[in-house]
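Me: I've got a structure open and I'm not sure how to read it. Could you walk me through a few features?

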Amino acid sequence: MNSNRTIETMRRVARPLLLTLAIASVAMAQIQFDQARKVWLITSPHSSYAMGVGPSGELQHLYWGGPITRMEDVPAAQEKKDISSFDPHQMLENEEFPGWGGPRYYEPALKITRADGDRDLVLHYMRHRLQGNDLEITLKDIRDDIEATLHYRLYPEVGIISRWAVVRNGTKQKITVERAQSATWYMPPGDGYRLSYLSGRWAAETQLNREPIHEGMKVLESRLGHTGHNLNPWFAIDPGNAGEEHGRVWFGGLAWSGNWRISVEQTPYRQVRVTGGFNTFDFAYPLNPGESLETPEFYGGYSDHGFGGASRLLHTLELTDIQPGGLKARPRPVLYNSWEATTFNVTEAGQEALADKAAKLGVELFVIDDGWFGKRDNDRAGLGDWVVNPQKFPHGLQSLIKHVNGLGMDFGLWVEPEMVNPDSDLYRAHPDWVMNFPGRPRSELRNQLVLNLARDDVRDYIFNALDKLATEYNIRYFKWDMNRTFAEPGWPEVAPDEEKTLWVKYVRNLYDIMSRLRAKHPNLEFESCSGGGGRIDLGIMRYVDEFWTSDNTEAFDRLRIQEGFTEVYAPKLMSAWVTDVPNTNGRSTPLQFRFLVAMQGALGIGANLNKWTDQDNQIATRMIALDKRIRSTVQYGNLYRILSPRTNDTTANEYVSKDGSEALLFAFRHSQEYENPPPVIYLQGLDNHAVYRLESIDGKLLDKQSELSGAWLMQNGIHLDLKGDFDSTLVLLHRIH
Ligand code: GLA
């Protein structure tokens with residue numbers, strides 16, 4: 001592989017550096033317990049978090065914010081007084097994990113029904129276990145042996161805490177869990193807070209919203225079966241005055257790829273609380289005696305460096321602790337995928353010709369999208385039949401893969417394993433494998449039905465089909481797609497009161513397949529796609545190497561989609577393609593603009609290379625070579641969103657390598673009005689005393705000095721000659737001393 005050397009260099013630079021940073025902060029981070037006052041304090045250089053046991057035994061939240069070093073400052077948990085018979089003290093005591101019982105009317109973390117109909121649940125502290133950065137606190141119902149063990153795991157280098165709960169039925173009767181949340185988070189008391197969240201729809205995902213929090217509740221959720229295009233499981237809350245690089249921001253992300261829910265609630269007592277976990281809608285999970293249910297992880301963190309600071313903490317956590325392989329995983333290679341060029345018309349000769357062209361441009365991973373299997377000539381047939389179509393590929397995939405590998409590229413394949421077309425051999429053999437309510441319609445979307453992956457036989461079928469492909473062929477990469485939402489989520493083969501467990505078991509089996517495939521094929525990588533960005537979350541991130549950000553690859557729309565994406569998710573995980581114009585929305589932007597937009601993430605090419613001119617090929621070859629030069633800074637560096645596409649006629653994003661030796665400024669002018677000059681761009685994250693050599697890729701840098709100090713670049717800014725519509729540039733800054 002021609003990129004081996006670059007990859008090695010990146011590893012050498014990025015890894016030790018991140019590790020050194022991590023080790024330095026580990027030394028300053030810890031979880032302490034004060035036995036006398038029953039208070040826990042979780043501290044890192046970025047933030048602290050405290051809770052304690054109140055006089056009657058409930059676990060109360062005590063502090064979340066900037067770092068606190070003196071344990072004695074944190075007061076013991078107090079019992080509050082009732083304000084009136086309508087305002088019981090329970091509503092004022094910020095319980096870390098409240099059961100639904102007694103006079104509690106806010107969002108509970110746990111709600112159950114016992115077999116005898118009793119639904120009261122009051123959780124009190126029982127015991128705890130503290131081991132390094134892991135704390136477990138077990139709460140128990142005041143009468144019954146129904147326990148919730150709360151897990152807190154501190155990631156010291158970023159101060160982010162992962163919280164989840166395990167609910168256990170230790171009684172002799174069955175209970176049904178009707179609500180199981182991972183955690184409740186509390187802001188410091190007060191009002192005037194503001195909520196940031198991501199919303200959207202297919203081809204318009206991850207749009208950033210900011211709005212005031214008022215009394216009452218706002219629910220972010222998915223009832224769709226997958227994470228969803230509409231809302232993403234993330235929140236950020238600030239006191240109303242934070243910016244990209246200043247101000248206090250509390251944030252959290254839920255690691256779940258099925259029905260999820262995050263409620264943001266302001267009580268009448270000027271208290272903002274956030275509760276998240278499994279969606280409570282259509283939820284019922286029976287637990288027989290001795291059984292337990294584990295909730296997804298809910299990560300929470302704090303930054304006093306604004307939204308940018310919050311994003312960088314999350315990005316670091318994702319790269320070091322969540323994504324498979326952590327920092328040992330290779331940088332994302334430059335990819336080619338012919339979907340937008342050829343759609344279902346894939347043939348061996350056609351793909352080989354595209355592979356030849358892609359390799360010449362410098363592509364490193366060649367992916368065949370939909371259309372290679374079964375009777376898949378359009379979206380009406382074939383899903384479920386994961387066998388190579390013999391008309392399109394008379395020699396199987398073997399000779400094409402050999403060809404691709406011979407060109408120095410890895411080979412990747414599109415699959416949509418959870419789905420079936422009624423017109424498929426799989427459906428004809430197993431019509432009972434789809435989720436359904438007997439005798440009711442089976443709603444098709446894109447002519448397909450959803451397999452009930454909660455069933456173990458369906459899970460095994462999918463595992464075996466993909467394992468066979470990965471064993472038979474030299475496949476480096478699966479693009480794992482999922483192109484519709486659930487409907488009629490019935491599971492007639494299990495007892496009626498077990499049916500709703502489908503929502504949870506489906507996702508667990510999905511994770512199980514991916515993790516087993518990865519264990520068996522250690523080089524295999526996955527892209528998580530769901531009709532674009534329908535399955536982007538911290539849960540599936542444990543198993544995948546990148547996300548398909550959106551089916552919308554139009555470069556200007558992408559600026560906003562990518563802005564929202566990077567609020568939560570690291571640029572390394574953000575697939576971004578250069579495609580042909582005019583795009584589906586009718587807009588045309590220059591090729592350099594499209595490249596620079598895509599080079600802010602994991603670069604891919606999705607254009608029809610057969611139609612590219614010599615000039616297009618020249619630009620592409622140059623930009624791909626440039627991408628390889630800079631991608632370690634893009635993929636592992638610190639991102640500063642300097643100018644937002646939502647509020648300016650120019651978007652600017654800066655990436656600074658973790659060791660500070662390189663910075664990249666991407667700038668895009670969308671549409672100039674009048675003779676307005678382009679905005680001055682004040683760089684961020686540089687060293688005041690360092691001197692940087694400036695390198696412009698296209699002469700659009702107006703500042704004439706080729707060397708400038710960090711102080712000047714951040715205080716006086718730099719000036720770019722960006723004019724008209726869809727102009728773009730990239731400036732590289734190399735630290736020289
Ligand atoms: C979805 C994906 C696309 C493409 C098609 C193939 O829409 O998001 O990238 O793979 O399916 O059918």
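Reply: Sure, let's take the ligand, then the helices, then two backbone details. Keep in mind that this is a predicted model.

Me: Let's start with the ligand. Which residues come nearest to the ligand?

Reply: A residue counts as near if one of its heavy atoms lies within 4 Å. Here 13 residues are around the ligand, and Asp369, Asp370, Arg446, Lys479 and Asp551 come nearest.

Me: What classes of residue make up the shell around the ligand?

Reply: Six residues of the shell are charged, four are nonpolar and three are polar.

Me: And how do I look for polar contacts?

Reply: Look for pairs of N or O atoms within 3.5 Å. Arginine 446 has a polar side-chain atom 2.9 Å from an oxygen atom of the ligand. For aspartate 481, a polar side-chain atom is 3.0 Å from a ligand oxygen atom. Glycine 532 uses its backbone instead: an N or O atom there lies 3.0 Å from an oxygen atom of the ligand.

Me: How much of the ligand's accessible area does the protein cover?

Reply: On its own, the ligand has 300 Å² of accessible area, and the protein covers 95% of that.

Me: Okay, on to helices. How do I describe two that pack together?

Reply: You give the angle between the two axes and the distance between them. Try helix α7 (residues 456–472) and helix α8 (residues 502–520): their axes are 10 Å apart, at an angle of about 30 degrees.

Me: What does that angle tell me about how α7 and α8 run?

Reply: Angles under 35 degrees count as roughly parallel, so α7 and α8 are roughly parallel to each other. Their crossing is right-handed.

Me: Where's another pair I can practise on?

Reply: Go to helix α9 (residues 555–568) and helix α10 (residues 591–598). Their axes come within 10 Å and cross at roughly 15 degrees.

Me: Under 35 degrees again, so α9 and α10 are roughly parallel too! Is their crossing left-handed or right-handed?

Reply: Left-handed, for α9 and α10.

Me: Now the backbone. Which residues does a cis peptide bond join?

Reply: Check the omega angle: it is about -5 degrees for the cis peptide bond between valine 581 and proline 582. You'll find proline 582 in the loop between β29 (574–578) and α10.

Me: And which residue has a positive phi although it is not a glycine?

Reply: That's threonine 206, with a phi of about 45 degrees. Threonine 206 sits in strand β12, which covers residues 204–212.

Methods: Residues are numbered from 1 along each chain as its sequence is written. This is a predicted model: local features need pLDDT of at least 70, side-chain atom pairs count only at pLDDT 80 or more; totals for chains, interfaces and linings use all residues. Side-chain values use heavy atoms; hydrogens and water are left out. A polar contact is a pair of N or O atoms within 3.5 Å; within protein, one must be able to donate a hydrogen and the other to accept it, and residues adjacent in sequence count only if both atoms are side-chain atoms. Accessible areas come from the Shrake-Rupley method with a 1.4 Å probe; for residues, only the protein chains shown count as cover. Ala, Val, Leu, Ile, Met, Phe, Trp, Tyr, Cys and Pro count as nonpolar, Asp, Glu, Lys and Arg as charged, and the others, Gly among them, as polar. Axes are lines fitted to C-alpha atoms, for helices over the stretch in contact, and angles run from 0 to 180 degrees between N-to-C directions. Helices (H or I, at least four residues) and strands (E, at least two) are DSSP runs, numbered from the N terminus. Angles under 35 degrees count as roughly parallel, over 145 as roughly antiparallel, 65 to 115 as roughly perpendicular and the rest as oblique. A crossing is left-handed if the near helix is turned anticlockwise from the far one by less than a right angle, and right-handed if clockwise.
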